[in-house]
Amino acid sequence: MIPVAIVGGGPAGLVSSILLSMSGVDHVVFEKYPDTSIHPKALGINQRTVEIFQHLGIEEELIKHRAPFDSVSHTAWYTGLGKDDVEIVKREAWGAGERSREYERNSPAHYSILPQIRLEPILKRRALSLNPKAIRYNTKVLNVMEEKDSVILLIRPKNGIEEEVQARYVLVADGGRGFAQDVGIDWDGKQDIVEMMTVHFVAELEKLHPDKNVFLSWLINPTMRGSLGTGFCYHIGPYYPKREAKSEWVFAFPRLPEDPEIFERESTIERIQKSLGIPELDIDLLSISSWTVNAVVAQQYRSRGGRIFLVGDAAHRFPPWGALGMNTGIQDAYNLVWKLVLTLRSPDAKRFDGLLDTYETERQPIARRVASNSLSNMLNHGNLMDTAIGISPEASVQDNLDAVKAFSDANHPQYRAKRDAVTKAAEDLDLEFNAPGIEIGWFYPSADINHEGDKTCHDGQLLEDGEYDFTNYHPSTIPGHNLPHAWLRMGTKEKSTRHLIRLDSFVLLANSSQWLPAQSELVHVEVVDGKEGWSDRDGSWASLCNVGSTGAVLVRPDGIVAWRAQKWTQAAMEMFPAVLENVLKQRRYED
């Protein structure tokens, strides 16, 4: 019997595989397709996910292949990219420019742009380097049947001969292709909101683009009903070893009632050329895909029998406005796998049943918040900017052209009002492009075992009205929050507090060596005292740890603060085992 079977070899499945291998847990990944994705898909990798990649040992490869920062530092709105088109507004994005120092304070990692089509091979190579037999491509999982002590998977490999595989636990990371319903779990939220078309193509578009710093170009062509009938485009490299003049791009647009039932090659090329305002652009189509926008979250993340878990898009599907889908899925795996490893290592797995339940308790509220926020981003996007300019899908082409003229002509009486409206719209849409609060400031209220966050609105991450501060990240060591980033030094070596997180144990960041006796197989102690231990390089840890000079902060294997003590006392040392038992939600079962 295999300890863990993973259904699906996308980012969430591959990250789960790497984490299991690094923890010494045997497993297998079943992926129905012959290899990694052939479609660009997700591309924004936020700081929290890059930190995970640092722990997985793939950051160097990510840095090598990701988009150069100067080519993805802005987003902009245009009427088109042709020589007669107009730039509506441009915004710094993803931690560039004025917010760069804020992003640097928040994390030792950089927000990165790398399409999934190039990320997945990096994850695959790492997974196979750790376990050469981990991934079985061309293998479809037909059914899963949960029994008392195991799960039976019916699989069909490439040879067509069906077989059964038995596993203690199953992680379903199939991208939301139906396994949730197969195990009796339904969805909450809005489905089939709009049908989108995504076109992956090659063209010499970079030299024609009006701004080399703009990554994401939103197109509001007044002759095509504005945003609704136009779309958006972005470059996807390849960036390594260098970006060629003729490179890959993605153009995406909503399908309209008047569109052809099937987009053939010529009609698709014409649609791109018209939207971009470059009728002579030479385009080589690589793929055309259709997909529907959903904002849904699974009602449960764990099956009734307790042995099947939903991860990534199998547990939630979001509109891509905000780039949080893949990030949330990878962070799901990071939350779940250490709990699963601890359970598998225990001679009494039932004792950790409560710990496994915390996967849903912690991650599901995050997904619901992201689904709501991403849907709001999508609905606001076209409405806000088009309305600011005065473009409407119901208006005539001439009226929309006149609105653009009023926006562009400094002598027009409406010029200043439209400019101000556009500036305000761009600021309102900033949540989609600069939102550390929702990207890395998420936390688990249920892990705040002593309700410390109630007194301070979780150190500001919750606003006074109880709403989440999506825009700003408020570092905190309140239990349930991610361990804040601070640079530490020991001799010539420098590390972030985030780099001290260990996959195989808890870490106790102690401001006094008096905590060293707490070290055990389950807890590793790191002393930050400026003496024999780490030094606080620039005073950041002292200002962020929010404990006294002899206090300590206990951190889980997924980087979440589990507990903290304001100072060392003998009583605190004596209660430490009970604290751990509480954090691990251990249950004792009598025979």
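Which residues in α9 meet which residues in α11? In this predicted model, Leu384, Met385, Ala388 and Ile389 are the residues on the α9 side, and they meet Lys418, Ala421, Val422, Ala425, Ala426 and Asp428 in α11. Sorted by class, the contact of α9 with α11 has 8 nonpolar residues and 2 charged residues, with no polar ones. The two helices, of which α11 spans residues 415–428, pack at an angle of about 170° with their axes 8 Å apart. Since an angle over 145 degrees counts as roughly antiparallel, α9 and α11 are therefore roughly antiparallel to each other.

**Helix packing around α1**

Helix α1, residues 11–22, has an axis that comes within 9 Å of the axis of helix α5, residues 116–130, and the two cross at roughly 25°. That angle makes α1 roughly parallel to α5, and the crossing of this pair is left-handed. On the α1 side the contact is made by Pro11, Leu14, Val15, Ser17, Ile18, Ser21 and Met22, while α5 contributes Gln116, Glu120, Leu123, Lys124, Arg126, Ala127 and Leu130. The contact of α1 with α5 divides by class into 8 nonpolar, 3 polar and 3 charged residues.

Helix α1 also packs against α8, here at an angle of about 30° and with the axes 9 Å apart. This angle makes α1 roughly parallel to α8, and α1 passes α8 in a right-handed crossing. From α1 the contact draws on Pro11, Ala12, Val15, Ser16, Leu19 and Leu20, and from α8 on Met326, Gly329, Ile330, Ala333, Tyr334, Val337 and Val341. By class, the contact of α1 with α8 has 11 nonpolar and 2 polar residues, and no charged residues. Pro11 and Val15 of α1 take part in the contact with α5, and Pro11 and Val15 are also listed in the contact with α8.

The three helix pairs are set out below by angle and by axis separation.

| Helix pair | Angle | Axes |
|---|---|---|
| α1 and α5 | roughly 25° | within 9 Å |
| α1 and α8 | about 30° | 9 Å apart |
| α9 and α11 | about 170° | 8 Å apart |

**Pocket and cavities**

Helix α9 returns in the description of the empty space in the model. The second largest pocket has a volume of about 520 Å³, and among the elements that give two or more residues to its lining are β13 (214–219), β14 (231–237) and α9 (353–389). Its lining is made up of 21 residues, of which Ser227, Leu228, Pro254, Met378 and Gly382 lie nearest the centre of the pocket. The largest share of this lining, 7 residues, comes from α9. In terms of class, the lining of the second largest pocket divides into 13 nonpolar, 7 polar and 1 charged.

As for enclosed space, a search of the whole structure finds 8 cavities of 30 Å³ or more, and the largest cavity has a volume of about 100 Å³. The residues that line the largest cavity are Trp338, Lys339, Leu355, Thr358, Glu362, Ala447, Ile449, Arg556, Val561, Ala562, Val583 and Lys585. At least two residues of this lining are supplied by each of α8 (325–345), α9 and β26 (561–565). As with the pocket, α9 gives the largest share of the lining, here 3 residues of the largest cavity. By class, the lining of the largest cavity has 7 nonpolar residues, 1 polar residue and 4 charged residues.

**Backbone details in the loops**

Two cis peptide bonds can be placed on the chain. One joins glycine 237 and proline 238, with omega about 0°, and proline 238 is found in the loop between β14 and β15 (247–254). Another cis peptide bond joins tyrosine 240 and proline 241, again with omega about 0°, and proline 241 lies in the loop between β14 and β15. Strand β14, which precedes that loop, is also among the elements that give two or more residues to the lining of the second largest pocket.

A further backbone feature concerns lysine 41, where phi is near 55°, a positive value in a residue other than glycine. Lysine 41 is found in the loop between β2 (27–30) and β3 (44–45).

Methods: Residues are numbered from 1 along each chain as its sequence is written. This is a predicted model: local features need pLDDT of at least 70, side-chain atom pairs count only at pLDDT 80 or more; totals for chains, interfaces and linings use all residues. Side-chain values use heavy atoms; hydrogens and water are left out. On a 1 Å grid over the protein atoms alone, a cavity is a set of points where a 1.4 Å probe fits but cannot get out, and a pocket is an open set with protein on both sides within 12 Å along at least five of seven lines; lining residues have an atom within 4 Å of a point. Grid points are joined across faces, edges and corners, and a volume is the space filled by probe spheres set on the points. Helices (H or I, at least four residues) and strands (E, at least two) are DSSP runs, numbered from the N terminus. Ala, Val, Leu, Ile, Met, Phe, Trp, Tyr, Cys and Pro count as nonpolar, Asp, Glu, Lys and Arg as charged, and the others, Gly among them, as polar. Axes are lines fitted to C-alpha atoms, for helices over the stretch in contact, and angles run from 0 to 180 degrees between N-to-C directions. Angles under 35 degrees count as roughly parallel, over 145 as roughly antiparallel, 65 to 115 as roughly perpendicular and the rest as oblique. A crossing is left-handed if the near helix is turned anticlockwise from the far one by less than a right angle, and right-handed if clockwise. Contact means heavy atoms within 4.5 Å.
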